[in-house]
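Please open the structure in a viewer and keep the selection tool at hand. The tour below proceeds stop by stop, naming what to select and what is found there.

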Amino acid sequence: MKRAIFSLALCCALLLSGCSSLLDRPYVAVEPHVEQPAVAGDSSTLQANTYSELVNAVLFLVSQGTEEGMIQLTDYRGEVEDDLNRACVEVAKDDPLGAYAVDFIKNSYTRVLTTYEAVISITYRRTKEQVQNIVNVTSTSAIRKEVSAALSEYRPELVLRVGYFTGGTDSVADLVRQAYYDAPASAMGMPECTVALYPDTGTQRIVEILLTYPEDVETMRAKATQLQEKVDSLFASLNPQQYSDVERLSRLFTLLPQAVTYTPGGGSTAWDAILGDGANSEGLALAFQLLAGQMEVGSTLVEGTLNGKPHFWNQLTSDGGAHYVDLSRDRNGTTWSAQDLLELGYLWDGAPKI
């Protein structure tokens, strides 16, 4: 009976990854208390009498960061030596947590009558803190929200255990790029992004995202604070809810010529456009997103090319039509249709064919 209770509790613990620090995060699964069975007065010894219980026991040791533990195999039916080796390889190579955290696992065993006592020695390539910081998410769609939070805090590392994952490293990198443009107030330079998946295949994976920013964290945080304070001051006398959609757009365009500065070779952030020496098309598009959001004018950032060169602009989404704004071309309220832009040499995903 004890073995049955332990197996059930152990499976629950493994699915939830054993990360108590996740309680403060969204999409977090909460781990129930697992009562470990005691064997011969030794509470550090686990029990298993089937191969699946053996795998779960080894994985439990990994989830706890145990460097050496004992598993007692009682009434075990199977080849003990072969199964021990196979279970250790399965945890280290095929399970997401093992593939991410474990360097290698060794085992040895002794036989006492009909019982085998296996000693499992585990060497890790991740710290306990790294394992505890793993965030459980339900699917690929949840990754973007977690990435947004990490980018807004300028965190250098994000590790997610995804319950159902069908993408690849490129799709995760695209989500990082999208999340960056989603938050113009904190976008202080696109970070370099390295993505790794553990294990190499499967639908349950750990996704590791390493981020390298163009400036130190304190500098970026200070800029983000300065930028938000400046935007707040620009709109101090304006209450968007007092105006109609047309009036909000009109007042936004009235503000733009004095609020942003265009420099063809300038910076690529809204801070550069509003507080710095001027921004290129990317910085202007981020500035428009930020100011439009403050004025409650719907818009999306568009990334494409202009005459074959990378270029950024914005699409208005609150006027019921497909109208575009490019502050590097005009900051006085001129909008263009998709057809206009195509004729001017713009290309982007989803553009209509001429």
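**First stop: two neighbouring tyrosines**

Begin by selecting Tyr180, which has a relative accessibility of 5% and therefore counts as buried. The model on display is a predicted one. Add Tyr181 to the selection; at 9% relative accessibility, Tyr181 counts as buried as well. A residue is called buried when its relative accessible area is under 20%.

**The whole chain**

Now display the entire chain. Of its 354 residues, 46% count as buried. Colour the chain by secondary structure, and twelve helices and 14 strands can be traced. The exposed area comes to about 17400 Å², of which carbon and sulfur atoms supply 49%. How are contacts distributed along the sequence, counting those between residues at least 6 apart? Of these contacts, 59% join residues at least 24 apart in sequence.

**Aromatic pairs**

Next, turn to the aromatic side chains. How many aromatic pairs does a search of the whole structure find? The search finds nine. Select Tyr100 and Tyr198: their ring centres lie 5.5 Å apart and their planes meet at 70°, so this pair is edge-to-face. The cut-off behind this reasoning is that planes over 60 degrees apart count as edge-to-face. Tyr100 belongs to helix H4 (residues 96-101) and Tyr198 to strand S7 (residues 192-198), so the pair ties together parts that are 98 residues apart in sequence. Is each ring buried or exposed? Tyr100 is buried, with a relative accessible area of 0%, and Tyr198 is buried with a value of 13%.

Return to Tyr180 and Tyr181 and show their rings. The ring centres are 5.2 Å apart and the planes stand at 75°, so this pair is also edge-to-face.

Then select Trp313, Tyr324, Tyr346 and Trp348 together; ring pairs link these four residues into a cluster.

**Charges over rings**

Select Tyr51 and Arg86. Arg86 lies over the face of Tyr51, at 3.9 Å from the ring centre. Move on to Trp271 and Lys223, where the charged end of Lys223 sits over the ring of Trp271, 4.4 Å from the centre of that ring.

**Salt bridges**

Side chains of opposite charge can pair when their charged atoms come close. A search of the whole structure finds nine salt bridges, and three of them may be visited here.

- Keep Lys223 selected and add Glu215. The two residues form a salt bridge whose closest N and O atoms are 3.2 Å apart. Lys223 counts as buried at 16% relative accessibility, whereas Glu215 is partly exposed, with a relative accessible area of 30%.
- Select Asp95 and Arg161. Their salt bridge has its closest N and O atoms 3.7 Å apart. Asp95 lies in the loop between helix H3 (80-94) and H4, and Arg161 in strand S6 (residues 157-162), so the pair ties together parts that are 66 residues apart in sequence. Both Asp95 and Arg161 are buried.
- Select Glu218 and Arg221. In this salt bridge the closest N and O atoms are 3.4 Å apart. Both residues lie in helix H8 (residues 217-234), three residues apart, which is about one turn of the helix. Glu218 is exposed, with a relative accessible area of 54%, and Arg221 is partly exposed at 39%.

How values were computed. Residues are numbered from 1 along each chain as its sequence is written. This is a predicted model: local features need pLDDT of at least 70, side-chain atom pairs count only at pLDDT 80 or more; totals for chains, interfaces and linings use all residues. Side-chain values use heavy atoms; hydrogens and water are left out. Rings of Phe, Tyr and Trp (its six-membered ring) pair if their centres lie within 6.5 Å; planes under 30 degrees apart count as stacked, over 60 as edge-to-face and the rest as tilted. Helices (H or I, at least four residues) and strands (E, at least two) are DSSP runs, numbered from the N terminus. Buried means under 20% relative accessible area, exposed over 50%, partly exposed in between (1.4 Å probe, protein chains only). A charge sits over a ring if NZ of Lys or CZ of Arg is within 6 Å of the ring centre and within 35 degrees of the ring normal. Contact means heavy atoms within 4.5 Å. Accessible areas come from the Shrake-Rupley method with a 1.4 Å probe; for residues, only the protein chains shown count as cover. A salt bridge is a side-chain nitrogen of Lys or Arg within 4 Å of a carboxyl oxygen of Asp or Glu.
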